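Hi,

Here is the structure I said I would pass on. Have a look at it first, and then read on for what turned up.

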Amino acid sequence: MNLTIARARKGGNANPRLLEDWAVIPAHQANGSTSPRTTVSAAPQQTWPQNKYGANMTIDNLKTPTVALGTWAWGDSGETGDGYFGSHLTRAGLEEVADKAHAAGFTLWDTAIVYGMGRSETVLGEVLKRYARSDYQLSTKFNPRIAGTSDDPVADMLEQSLANLGTDYIDLYWIHNPADVARWTPQLIPLLKSGKVKHVGVSNHNLSEIKLADQILGEAGFRVEAIQNHYSLLYRSSEHAGILDYCRNQGIAFFAYMVLEQGALTGKYSPENPLPEGSSRAKIYNGMLPQLKALTDKLASIGQSHGAAAPDVATAWAIAKGTTPIIGVTKPHYIDGLVRASSITLASDDIAELEALADAANVNTRGFWEQEM
Ligand SMILES: NC(=O)c1ccc[n+]([C@@H]2O[C@H](COP(=O)([O-])OP(=O)(O)OC[C@H]3O[C@@H](n4cnc5c(N)ncnc54)[C@H](OP(=O)(O)O)[C@@H]3O)[C@@H](O)[C@H]2O)c1
């Protein structure tokens, strides 16, 4: 499902980034269609009659795609990667990934300054140089855990990300974790006002932290526009904690990360063919692969009936739940899977069966950086 985030603002306002009103519209509803896959291409600047204060407005649209592209593993490429994934990625291979993604219309790239400690951002920036900046969107994150001691650590970290990515603005800037919401959230406001950051979201925040962040931004005329949390068949804490419902009701985009549990839900890895030896993800997932077999077999068999593969069905499940999955893309042919996933409509019986098998696997895939929701 495509979501159109329509941000409306006062025409002629001295601060063009000050939000006055906004809405997230499923593209198929905006188009009056019943098909969830109908995409509406709204004009970037469209005249809008009046806002709630009676002022003339324009709307500034950020389209939330059906699927976003994850690049944590890209931090492993080259000699200085952190080895979390144990991936051996080459510049040429990643350029091929980017070319395929862009040809298929997937253009929102998610990274973070901590992925490979700047390596993911740098490699991504280099690879995307082949495109006009307006042809792709960048999503990266401020991380409170590595904040410096200057007067303005958020602005300083943003500058570092801009330099790494070779750009002068970020489309979606996140607070990566909720270390101290009252301390860090206000520091996003000047970045929004300056235009260096176009939209903001919070990641790994629980519901009360999301509401607090939204209140802080709201007092300055902005708001939390997106949530990014771990959400997969195996890890549905944001659903159980009411965050998905909250996002739906408030019109906030929910970006689901680790939908494939870093490869463990693809069916590609098994006790006979485990995740890469010595990598961090191998330590987490290899021991649970036997318990995941019934689920990955079911993903594969549902996939067969759609001419698709197990990871495509896991991705289609996340789309069916109203989220935008961020899928870690390390190989060009994975883009074909995203295209297939985008066109699969899962039956409600299949969704129920997958979730029952996921619960029966009885594994806890909470990341070391995540809190209970
Ligand atoms: N905000 C946060 O705290 C946070 C935390 C984690 C992740 N994220 C974001 O979410 C993104 C996604 O998470 P992730 O990359 O950790 O894990 P993921 O998307 O669950 O899994 C990615 C891995 O799955 C495998 N894969 C992907 N597509 C496949 C396909 N079609 N067929 C077979 N295997 C496939 C690849 O493994 P191989 O390379 O081994 O083939 C890839 O490295 C990250 O890249 C990052 O941008 C955010």
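To start with the strands: which residue of strand 9 is the bridge partner of W174? That would be G201. Keep in mind throughout that this is a predicted model.

G201 has a partner on another strand as well, since it stands opposite A226 in strand 10. Strand 9 covers residues 197-203, and strand 8 covers residues 170-175. Strands 8 and 9 run parallel and are joined by 5 bridges. Strand 9 and strand 10 also pair in the parallel sense, over 3 bridges. As for burial, 6 of the 7 residues of strand 9 are buried, so the strand is largely enclosed by the rest of the structure.

Follow strand 10 (226-230) onward and you get to a loop that leads to helix 8 (237-240), and S232 lies in that loop. Is S232 buried or exposed? It counts as buried because its relative accessibility is 0%, and the cut-off for buried is under 20%. A polar atom of the S232 side chain lies 3.0 Å from the backbone nitrogen of L234. Leaving out residues up to four places away in sequence, S232 touches M258, V259, E261 and W317.

Now the ligand, which is probably what you will want to open up next. How many residues surround it? The count is 30, and the closest are D110, K268, Y269, T330 and Y334. By type, the shell divides into 13 nonpolar, 11 polar and 6 charged residues. Strand 12 (residues 324-328) gives the most to that shell, with 3 residues.

A few polar pairs to check in your viewer, each with an oxygen atom of the ligand on one side:

- T71: a backbone N or O atom lies 3.1 Å from a ligand oxygen.
- Y257: an N or O atom in the side chain is 3.5 Å from a ligand oxygen.
- G263: a polar backbone atom is 3.5 Å from a ligand oxygen.

On the surface side, the ligand taken alone exposes 900 Å², and the protein buries 96% of that.

So, if you want a short route through the model: begin at G201, with W174 as its bridge partner and A226 opposite it in strand 10, move on to S232 in the loop before helix 8, and finish with the 30 residues around the ligand.

Cheers

Key
Residues are numbered from 1 along each chain as its sequence is written. This is a predicted model: local features need pLDDT of at least 70, side-chain atom pairs count only at pLDDT 80 or more; totals for chains, interfaces and linings use all residues. Side-chain values use heavy atoms; hydrogens and water are left out. A residue is near a molecule or strand if one of its heavy atoms lies within 4 Å of it. A polar contact is a pair of N or O atoms within 3.5 Å; within protein, one must be able to donate a hydrogen and the other to accept it, and residues adjacent in sequence count only if both atoms are side-chain atoms. Accessible areas come from the Shrake-Rupley method with a 1.4 Å probe; for residues, only the protein chains shown count as cover. Helices (H or I, at least four residues) and strands (E, at least two) are DSSP runs, numbered from the N terminus. Ala, Val, Leu, Ile, Met, Phe, Trp, Tyr, Cys and Pro count as nonpolar, Asp, Glu, Lys and Arg as charged, and the others, Gly among them, as polar. Buried means under 20% relative accessible area, exposed over 50%, partly exposed in between (1.4 Å probe, protein chains only). Contact means heavy atoms within 4.5 Å. Two strands pair if DSSP finds at least two bridges between them.
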